[in-house]
Every structure is written in C-alpha cells, then in structure tokens.
Amino acid sequence: MKMDISQLMKPCSCGQTHPIFVKELVIESGAIARLPEVLSRQEYRDRKQIVMICDTNTFEVAGRQVETLVPKVKSVIMPSEDLHANEHGVALAQNGIDRWGGADLMIAVGSGTVHDITRFHAYQMDIPFTSVPTAASVDGFVSTVAAMTWKGCKKSFTAVSPEVVLADTEIFKTAPLRLTASGVSDLLGKYTALADWKISHLVDG
C-alpha cells in the first residue's frame, strides 16, 4: 500500500508546522521489488555511485535481494555484533564508502542503528537515501535527526530523512518478536514522554 503523504501534511493541532521530507512511503508485501523502479526515476537517474549500508544480519535478510535488484549497487556490510550508532559505527560505514570511492545515493538496509548511521552520512555528503527497513523495531525511520551515542554521551545530530521508504511486510514478519515489541514500545513512549513534559511544566514551569 502506497501511503498518501499529503494526508500527513495537514495542520497540526499544536499550531506549529512540522515539515515532511519523505516523498514516498510504501508498506506492503514485496515492497522491496519496487527498488529498481524508484532508482530509474529522473531525479535518481544520474546517480551512478549507489552504496548500500547494512550489517551482516540485515544483508542476509534483505541485502542480497537489493544486490539482485540493483546489480550496480556497492555494498558496505558492517559486522552486526556490537554495532551501534556511535563514532565507531560511523567510521565503519565511512571506511566502506571510501573504499568504493564515495557515494551519490545510499540505501539503508536495516533497522534503527543502520538508518541513523546512513542518515548521518547522507547529511554530511548532502545526498539522498532510500530506506529498506528490516524490522518494525523503532518509530524513527523517517526522522531528520540521527540519535547517536557519541564519546559515551547520548546526542542527536542534525541529519536527513529518506526520500523513499520501501517497507516490505514479508521482511518484517521474519524479524524476532522482541524487535516488533520494541517498536510498539517506542510508539507508546512518545505519549508518556509528552505527559512527562506537561507534568514537569505544570510543576516547575
């Protein structure tokens, strides 16, 4: 199902404007098969150096399919063990990108960590990226910030959202149940965080 992004651009009840930079969001069985069609569009046709960022687990889950669908893609496969969105993860991806001689478009194949690392680099290089999530484990696939642990401290870096999200339910359903539970908890946490903020504001201004 292709989501109608325009429905998400309506005025917010809070009175503020919340811009959305995602151009297309597809959630359906077999969504990953749309990847060649997306990359053949006019705005991406001149992008010759397409780099996929994934880890050893997500490569097996969906990365091999991406390589088949997009034969010219260059793969940066990071070790999944102890991989985090931190300076080490950023350096691993950078080393892979450098080995391929750079990138002018990236494909994030993974969950939160892979996406945060990819969006960080996409922002730094001022290039677009496409999202192929492999688990419904977080609510931030289209976030414009990269949540990092930087030198031991939690920090949010300005980054970019993907222009296209291809969320394949056939891939999601193979993910461990704990990852789906994590995603549900992430959504619920947004409501409790808002409540915490309102209570704090009432108590101490």
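# Strands, helices and salt bridges

Trainee: Over how many bridges do β4 and β5 pair in the parallel sense?

Mentor: Ground rules first: this is a predicted model, where local features need pLDDT of at least 70, side-chain atom pairs count only at pLDDT 80 or more, and totals for chains, interfaces and linings use all residues. Residues are numbered from 1 along each chain as its sequence is written, and side-chain values use heavy atoms, leaving out hydrogens and water. Strands (DSSP runs of E, at least two residues) and helices (runs of H or I, at least four) are numbered from the N terminus, and two strands pair if DSSP finds at least two bridges between them. For β4 and β5, which run parallel, the number of bridges is 5.

Trainee: In β5, which residue is the bridge partner of Met106?

Mentor: Go to β4, which spans residues 105-110, and you'll find Met106 there. Then hop across to β5, residues 129-133. Sitting opposite Met106 in β5 is Phe129.

Trainee: How many residues of β5 are buried?

Mentor: Buried means under 20% relative accessible area, exposed means over 50%, and partly exposed is in between (1.4 Å probe, protein chains only). Phe129, Ser131 and Pro133 point one way from β5, Thr130 and Val132 point the other way, and all are buried. So, with the strand mostly covered, the count is 5 of 5.

Trainee: In what order do the 6 strands of the open sheet come?

Mentor: Start at the edges: β1 and β3 (74-78) stand there with a single partner strand each, so one side of each is left without a neighbour in the sheet. From one strand to the next, the twist averages 15°. The pairing is parallel, and the order reads β1-β8-β5-β4-β2-β3.

Trainee: Which residue in β8 does Val26 stand opposite?

Mentor: β1 covers residues 24-28. It's joined to β8 (residues 164-168) by 5 bridges, with the two strands running parallel. Opposite Val26, in β8, stands Leu166.

Trainee: What angle does the direction of helix α5 make with that of β4?

Mentor: Let's warm up on α3 (residues 56-69), which lies across β2 (50-55), β3 and β4 and runs at about 150° to β2. These angles go from 0 to 180 degrees between N-to-C directions, using lines fitted to C-alpha atoms, for helices over the stretch in contact. Helix α5 (residues 112-125) packs on the sheet too, touching β2, β3, β4 and β5. Its angle with β4 is about 170°.

Trainee: Leaving aside neighbours within four places in sequence, which residues is Thr118 in contact with?

Mentor: Thr118 belongs to helix α5, and it's buried, at a relative accessible area of 0%. Contact here means heavy atoms within 4.5 Å. Apart from neighbours within four places in sequence, Thr118 touches Ile53, Met106, Ala108 and Phe129.

Trainee: Glu163 forms a salt bridge with which residue?

Mentor: A salt bridge is a side-chain nitrogen of Lys or Arg within 4 Å of a carboxyl oxygen of Asp or Glu, and that rule gives 9 of them here. The closest N and O atoms of the Glu163 pair are 3.5 Å apart, and the partner is Lys23. Glu163 is in the loop between β7 (153-158) and β8 while Lys23 is in the segment before β1, so the pair ties together parts 140 residues apart in sequence. With an exposed relative accessibility of 51%, the partner asked for is Lys23.

Trainee: How far apart are the closest N and O atoms of Glu28 and Arg34?

Mentor: Arg34 counts as partly exposed, at 28% relative accessibility. It forms a salt bridge with Glu28, and the N to O distance is 2.7 Å.

Trainee: What is the N to O distance in the salt bridge of Lys173 and Glu170?

Mentor: Lys173 is exposed at 60% relative accessibility, whereas Glu170 is partly exposed at 37%. Their side chains meet in a salt bridge with an N to O distance of 3.0 Å.

Trainee: Asp126 is not a glycine, so what is its positive phi?

Mentor: Most residues other than glycine have a negative phi. Asp82, in the loop between β3 and α4 (87-99), is exposed at 58% and has a positive phi near 60°. Asp126 lies in the loop between α5 and β5 and is exposed at 70%. Its positive phi is about 55°.
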